[in-house]
Amino acid sequence: MRPNLSQEQILDLLHHRRSDRYVVNTANTVEVVLFGNCFSEVKVEGLDQVEELSRSGRKLIFIPNHQSEYDWMLLQTYLAQRYIRTAIQAGENLYVGPIDTFLRKCGAFMTIRDRRSFYARHWLADWTMRALRTRPFVLTKDQYNKLYLPQIKRVLGEGLHLMIFPGYEIDRNTGEAKYGRSYSGRFAELSPYVFLVLNTAIRQMGIEDALYVPVNISYERIPEDIVFREYQARSRKSKIAKYVYDHYYAFIKMPFARRIRDQRSRVLIRFGEGIPSGRHRRAREMAAVMHEQMGKLMRVYESTLLFASFDDRYKMSRDELEDRVAATLERVEAHGLDTSPLYDGGRRLSLEELLARTVKVYNFPDVPIIPSKSYMTLEYDDREVFIHHPHLASYYGNKLKHILQADAA
């Protein structure tokens, strides 16, 4: 590949190759093979309204929270089944082996978060030329930032809707912004820069009917949560090694283990009301509005309430935990969050029922035929409750921190 490319050539290099037929076939396959093995229940709310908006010709920009590699597949699957044609802003997962072809055909286009070297247009040729140590084309983050606006305009100009994950976290050690999945479990802030570019693209293209659609995906348990501790700790594994292990764990190991152990969990996808892009609304204000609306769409499961009530402690008496659970639930419901899993016919679940459900989903017993480690996340007796896997417990407890800490302040 030549070391210098024109803007159009670079955009071609990063662009998707979406195939409607491929997307629908993939959606039907992953719904059975992956979702059916990982989840006992997948509920989707608000999709009828989204379909109606799409049919009316409105331009939709979906803004979801980002917790799992399953996020985009869940959303693209149920959007595709309603023929809502959507392109997805992806990170640097593209150009990683044959999955590059899979992602691009599913509508993913590439963004650059740091620095990337390209040796050829196709992933196989790229690997070959890299091995031969040919001279690459190098694209830095600063160079890519100048291409982001024309890239977004190109996608919107194709008649496609758009899905972007603008959430980010600040690394407490380095102060750097990390985009992508939240390894801490906290409800990530949204990047105002993304909304600045989107608003500019909408204005320059003369799109009058664009709507931002907040989306919240609430998992009872995320398939690949065990790997987050290692990634947050910045282990010395190479990037490609992490990538392979991450995808093996998420899409092969855990679906098999969850099905065999009968530990499938629940997930809710909730689409919110469309919010007009607003030509006169500042990007930072739009990011704040979308963040607030996404937060209101959250569902609270038994384990989420339980782990949040522990507040990062390792053990607690049952009496104290019962009081803290009641207080946490009261504060969560004051913010209008969906707490329906915590009730049975109008009766609030007892602490014993909360603990029993959490143990079922989070404690992996030793099963010899399954190539997966056994571990105890939570254990309890008549007097005390113990946390044996604190990182996992804090990850799910953190999902309510944006509410609990705000109330405390």
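In the predicted model, helix 12 and helix 15 are roughly perpendicular to each other. Helix 12 spans residues 302-310 and helix 15 spans residues 390-397. Their axes lie 7 Å apart, at an angle of about 105°. An angle between 65 and 115 degrees counts as roughly perpendicular, and the pair is therefore placed in that class. Helix 12 contributes Thr 304, Phe 307 and Ala 308 to the contact. Helix 15 contributes Ala 393, Tyr 396 and Gly 397. Four of the contact residues are nonpolar and two are polar. None is charged.

Helix 12 itself is mostly covered. Nine of its nine residues are buried. The buried set includes the contact residues Thr 304, Phe 307 and Ala 308. Glu 302 and Ser 303 are also in the buried set, as are Leu 305, Leu 306, Ser 309 and Phe 310.

The chain then enters a loop. Asp 311 follows helix 12 and has a positive phi, near 50°. Asp 311 is a residue other than glycine with a positive phi value. Asp 311 sits in the loop between helix 12 and strand 14 (315-317). Asp 312 is placed in the loop between helix 12 and strand 14 as well. Phi of Asp 312 is also positive, near 65°. Neither aspartate is classed as buried. Asp 311 has 41% relative accessibility and therefore counts as partly exposed. Asp 312 has a relative accessible area of 49% and is partly exposed.

A second helix pair involves helix 1 (residues 7-14) and helix 7. Their axes come within 10 Å and cross at roughly 70°. Helix 1 is therefore roughly perpendicular to helix 7. On the helix 1 side, the contact is made by Gln 7, Glu 8, Ile 10, Leu 11, Asp 12 and Leu 14. On the helix 7 side, it is made by Tyr 144, Leu 147, Pro 150, Gln 151 and Arg 154. By class, six of these residues are nonpolar, two are polar and three are charged.

Helix 7 (residues 141-156) also holds both members of an aromatic pair, Tyr 144 and Tyr 148. The structure holds 20 aromatic pairs. In the Tyr 144 and Tyr 148 pair, the ring centres are 6.0 Å apart and the planes are at 40°, so the pair is tilted. The two tyrosines are four residues apart in helix 7, so about one helical turn separates them. In an α-helix, residues three or four places apart point the same way, because there are 3.6 residues a turn. Both tyrosines fall under the 20% cut-off for burial. Tyr 144 counts as buried at 3% relative accessibility. Tyr 148 counts as buried at 4%.

Another aromatic pair is formed by Phe 195 and Tyr 212. This pair is edge-to-face, with 5.4 Å centre to centre and 75° between the planes. Phe 195 belongs to helix 8 (residues 192-204) and Tyr 212 to strand 11 (residues 210-219), so the pair ties together parts that are 17 residues apart in sequence. Both Phe 195 and Tyr 212 are buried. Aromatic residues also gather in a cluster. One such cluster is formed by Phe 35, Phe 39, Tyr 70, Tyr 78, Tyr 219 and Phe 251.

The largest nonpolar core has 117 residues. In soluble globular proteins, nonpolar side chains tend to be buried together. Within this core, Phe 62, Tyr 70, Leu 74, Ile 152 and Phe 271 touch the most other members. Tyr 70 is also part of the aromatic cluster. Beyond residues up to four places away in sequence, Ile 152 touches Gln 89, Phe 109, Leu 162, Ile 164, Val 197, Leu 198 and Ala 201.

Asn 93 offers a loop position for examination. Asn 93 lies between strand 3 (86-90) and helix 5 (99-105). With a relative accessible area of 26%, Asn 93 is partly exposed. Asn 93 touches Glu 69, Ile 99, Leu 103 and Tyr 243, with residues up to four places away in sequence not counted. Asn 93 and Arg 115 are 22 residues apart in sequence. In space, the two are 13 Å apart, C-alpha to C-alpha.

Definitions and conventions:
Residues are numbered from 1 along each chain as its sequence is written. This is a predicted model: local features need pLDDT of at least 70, side-chain atom pairs count only at pLDDT 80 or more; totals for chains, interfaces and linings use all residues. Side-chain values use heavy atoms; hydrogens and water are left out. Axes are lines fitted to C-alpha atoms, for helices over the stretch in contact, and angles run from 0 to 180 degrees between N-to-C directions. Angles under 35 degrees count as roughly parallel, over 145 as roughly antiparallel, 65 to 115 as roughly perpendicular and the rest as oblique. Contact means heavy atoms within 4.5 Å. Ala, Val, Leu, Ile, Met, Phe, Trp, Tyr, Cys and Pro count as nonpolar, Asp, Glu, Lys and Arg as charged, and the others, Gly among them, as polar. A nonpolar core is a set of buried Ala, Val, Leu, Ile, Met, Phe, Trp, Tyr and Cys residues joined through side-chain atoms within 4.5 Å. Buried means under 20% relative accessible area, exposed over 50%, partly exposed in between (1.4 Å probe, protein chains only). Rings of Phe, Tyr and Trp (its six-membered ring) pair if their centres lie within 6.5 Å; planes under 30 degrees apart count as stacked, over 60 as edge-to-face and the rest as tilted.
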